[in-house]
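Let us take a friendly walk through a protein fold, one piece at a time. Have the sequence and the picture ready, and look for each piece as we come to it.

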Amino acid sequence: MSVDRIRFFLSTRAGLVLLLAGALMACATHADGPSPPSDAAAGLIKLNQVGFLPGAAKWAVIPNGSASRFSVVHAGTETEVFAGPLSAAALWAPAQAQVRLADFSALSTPGTYEVRVDGLAASPRFTIAPDAYAALSAASLKALYFNRASTALRPEHAGVYARPAGHPDTHVLVHASAASPARPEGTVISSPKGWYDAGDYNKYIVNSGISTYTLLAAYEHFPDYFRQQMLNIPESGTPLPDLLDEALWNLEWMLTMQDPHDGGVYHKLTNKGFDGVVMPHQATGPRYVVQKTTAAALNFAAVMASASRVFRAFEAERPGLSARMLAAGESAWQWARSHPTVVYLQPADIKTGEYGDSQLADEFAWAAAELYISSRNDAYYAAMNPAGVPNEVPSWGSVNGLAWVSLAQHRHRLTPVADQRLIASRIGTLATSLAATWQSSAWRVSLQGSDFNWGSNSGALNQALMLIQGYRLTGTRQQLDAAQALLDYVMGRNPTDMAQVTGFGHSAPLHPHHRPSMADGIAAPVPGFLVGGPNAGQQDHTHCPVPYPSTIAARSYLDHDCSYASNEVTINWNAPLVYVSAALQVLTGDRR
C-alpha cells in the first residue's frame with residue numbers, strides 16, 4: 001500500500017471506503033479462517049513491506065539456497081538499480097532457519113522496488129520515500145482514537161468504522177475491594193473517556209501508564225514533528241497537537257480514577273467479566289472501579305508528572321491543567337509511600353484482566369524520577385536511589401527504563417544533584433548491548449529466543465525505543481540502524497512474512513482479537529493496530545478452533561480472532577509503534 005493512499009485514508013471518509021474495498025479483496029480468501037500458516041512463508045524473501053527512508057539501513061532476509069547474489073529492480077520491470085552479494089548462510093535459532101542477508105542500504109533513490117534472488121519469487125513491493133513512515137505513525141496513533149470509550153465515532157472521522165457511543169461510564173460503582181469510609185461499596189462515581197485497553201472494553205491504570213507516557217515522550221522528544229501531524233480526529237485544528245489531544249482523552253479519564261479523599265488510585269474500571277463479541281454500545285452491563293493499588297498509584301503519579309511538563313506550555317489553552325496534574329501525581333505518590341506493598345488481588349467475582357505486579361521497586365523509581373524532573377525537588381531524586389536502578393527494555397510490568405529515558409531527555413535541565421555520568425552510562429550501556437546483539441544476529445535483529453513471549457512485537461519496538469535513546473545521546477549510527485531493523489521486523493522482515501499492523505503491507509493481520517473488528521460486520525479490521533506477534537507460550541491454543549501453524553518460537557503466531565495470546569491488540573503495544581515510526585522519520589538522515 002502506498003504512503004499517499006494511506007494518508008488519503010487517514011484524512012477522508014472517501015479514503016476509508018477505498019481502503020476498505022482493497023482490504024475486502026485481500027480478505028476474500030481468508031474470511032472464514034486464519035491467514036496462511038507461517039511455515040508457508042519460510043521460502044519467501046522477507047523485508048519491510050512499507051518501505052524505507054532514503055538514508056535508512058535497508059536489509060532483506062533471504063532463505064538459504066544456491067544463489068550467492070541479489071538484485072533490486074524497479075517494481076514490475078527487469079530494470080536493475082542495485083546488486084550485491086548475499087551474506088554467508090547462518091542459523092537464526094528463534095526461527096530454526098538458515099538464512100542469508102541482502103544489504104541494499106546504499107540504494108537511496110525514491111521509487112518502488114522489488115528484491116530478486118534466483119530461484120525465489122520476487123519480494124513484496126516496497127517504496128523508498130522521504131516520508132516513508134509518516135502514514136504508519138499517524139495510523140498507529142489514530143488507532144487509539146478508534147478505541148475511545150464514552151463517545152460516538154462519527155463518519156467524518158471514522159469513515160466506515162463509525163459506531164455509536166458505548167460505555168459512558170458516568171454511573172460506575174465502587175466495588176467492595178475499593179470501598180473506603182468516604183466511598184463505601186456501591187458508591188456511584190463518574191469516570192468517562194479513556195481508551196479501551198485491548199481487545200476488550202475495560203480500562204486499566206497500570207497499562208495506561210506506559211501507554212500514555214510513551215506518547216508524551218514522543219511529543220517531548222519530537223515536538224516539531226507532532227505539531228504538524230494531522231489525524232482527522234474531532235479535535236484536529238485546535239491549538240493542541242493531535243497527539244496531545246488524543247493523550248488527553250486518556251489523561252482526563254485517569255484523573256477521575258483518583259480518590260480525592262486520600263489520593264489513592266483505583267486499579268481498573270471494568271465489568272465483572274469480559275463482554276461477548278459485541279460492539280461497545282451493545283455492552284451495557286454494570287461497571288466497577290476495583291481496588292486501589294500501589295502500582296496504580298505510582299503509574300498514575302509518573303504519568304501525571306510527565307503530563308504536567310508537557311501541558312505547561314499550553315497554560316493559555318488549558319488553564320490550571322498542568323498544576324492540577326502535578327498536584328494529583330504528588331498526592332498519589334504520598335498514598336503509595338503510605339501503602340508501599342498493596343498489590344492487586346483479583347476479587348472472586350471479577351474475571352477481567354489483572355495487570356498484577358508484585359515487584360514495585362521499578363514503579364517507585366519511575367514515579368520518583370518523573371516527579372523530580374517536573375518539580376525539581378531533590379527529595380524525589382533521593383527517593384529514586386538512582387545507583388540502585390538498572391536500565392532495561394520497558395514493558396508495563398518493568399518501567400525502570402522509562403525513568404532513564406526521561407532523565408536523559410531532561411539531563412541539561414536537572415538540578416546539580418543529578419549524576420550526569422550515571423544517566424549517560426545507563427542509556428549507553430543498554431543501547432550498546434542491544435546493538436551488539438543486532439550486529440551478530442543471523443537475522444540482523446536484536447531479538448533473541450526468550451523475547452518471543454506475550455506481546456513480542458511490542459518488546460521489539462521497545463528495544464528500538466531504547467536503541468533510539470542511545471543514538472540521541474551519542475550519535476552512534478549502529479544504534480539507529482539496529483532500531484530500524486526492529487521496525488523492519490515488525491513490518492514484514494519476520495518469519496511469518498506478514499507486516500504485523502492491520503491495514504499495512506503486502507500481507508497484514510486480517511483477524512485480530514479486537515471486539516470492534518470482530519463485531520462490526522466489516523471484513524477488514526480497524527486499521528493501524530499492532531498485533532501481539534509470535535508467542536511461544538501459545539496460552540490460548542486450547543481455545544482456538546484451528547492450531548498454531550508452528551511451535552517454533554519466532555513462527556508461533558496465529559492470525560485468528562481466537563488468538564488473544566498472539567493476535568490481540570493493546571494500547572501499550574501501539575504506543576511504541578507511534579514513537580519508533582516517528583523517531584525514525586525524524587532522525588534518519590543521509591547515510592554516512
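Which residues are buried in α9? Keep in mind as you look that this is a predicted model. In α9, the buried residues are L321, S322, M325, L326, A328, G329, A332, W333, W335 and A336. Helix α9 covers residues 321-338, which makes 18 residues. From its first C-alpha to its last it reaches 26 Å, close to the 26 Å expected at 1.5 Å a residue. What do the buried residues of α9 pack against? Their partners are α7 (242-256), β13 (288-292), α8, α10 (361-375) and α11 (378-384).

One of those partners, strand β13, leads us to a sheet. Five of the five residues of β13 are buried, so this strand is largely enclosed by the rest of the structure. The open sheet it belongs to is formed by five strands in the order β10-β9-β13-β12-β11, and the pairing is mixed. Strands of a sheet pair through backbone hydrogen bonds, either parallel or antiparallel. You can follow both kinds here. β9 and β13 run parallel and are joined by two bridges, with V174 standing opposite V289 in β13. Strand β12 (residues 266-270), in contrast, pairs with β13 in the antiparallel sense over four bridges; here T270 stands opposite Y288 in β13. Strand β9 (residues 172-174) also pairs with β10, in the antiparallel sense and over two bridges, and V172 stands opposite I189 in β10.

Which strands stand at the edges of the five-stranded sheet? They are β10 (188-189) and β11 (203-204). Each has a single partner strand, so one side of each is left without a neighbour in the sheet.

Now find another open sheet, this one formed by three strands in the order β2-β6-β5, with antiparallel pairing. Its edges are β2 (59-63) and β5 (90-92); each has a single partner strand, so one side of each is left without a neighbour in the sheet. On average, neighbouring strands of this sheet are turned by 55° against each other, direction ignored. β2 pairs with strand β6 (residues 97-103) in the antiparallel sense over five bridges, and V61 stands opposite L101 in β6.

Let us turn to the nonpolar core. The largest one holds 177 residues, and F104, L251 and F311 touch the most other members. Helix α8 (residues 294-311) gives the largest share of this core, 13 residues. What is F104 in contact with, leaving aside its neighbours within four places in sequence? The answer is L47, F52, K58, W59, A60, F70, V72, F82, V115 and F126. Apart from the largest core lies another, of five residues, among them C544, L558, C562 and A565.

A565 turns up again when we look at N535. This residue is found in the loop between α16 (515-519) and α17 (571-587). Is N535 buried or exposed? A residue counts as buried under 20% relative accessible area. At 1% relative accessibility, N535 therefore counts as buried. Leaving aside its neighbours within four places in sequence, N535 is in contact with F452, N453, W454, A553, S556 and A565.

Our next stop is helix α14, residues 456-474. At 1.5 Å a residue, its 19 residues should span 27 Å, and its end C-alpha atoms are 27 Å apart, which agrees. Since 15 of the 19 residues of α14 are buried, this helix is largely enclosed by the rest of the structure. Just after α14, G475 takes a positive phi of about 75°. G475 is found in the loop between α14 and α15 and is partly exposed, with a relative accessible area of 33%.

Beyond that loop we reach α15, and a place where two helices cross. The axes of helix α13 (residues 420-440) and helix α15 (residues 477-490) come within 9 Å and cross at roughly 65°. α13 passes α15 in a left-handed crossing. On the α13 side, the contact is made by A431, T432, A435, W438 and Q439; on the α15 side, by Q478, Q479, D481, A482 and A485.

Technical notes. Residues are numbered from 1 along each chain as its sequence is written. This is a predicted model: local features need pLDDT of at least 70, side-chain atom pairs count only at pLDDT 80 or more; totals for chains, interfaces and linings use all residues. Side-chain values use heavy atoms; hydrogens and water are left out. The expected span of a helix is 1.5 Å times one less than its number of residues. Buried means under 20% relative accessible area, exposed over 50%, partly exposed in between (1.4 Å probe, protein chains only). A nonpolar core is a set of buried Ala, Val, Leu, Ile, Met, Phe, Trp, Tyr and Cys residues joined through side-chain atoms within 4.5 Å. Contact means heavy atoms within 4.5 Å. Two strands pair if DSSP finds at least two bridges between them. Axes are lines fitted to C-alpha atoms, for helices over the stretch in contact, and angles run from 0 to 180 degrees between N-to-C directions. A crossing is left-handed if the near helix is turned anticlockwise from the far one by less than a right angle, and right-handed if clockwise.
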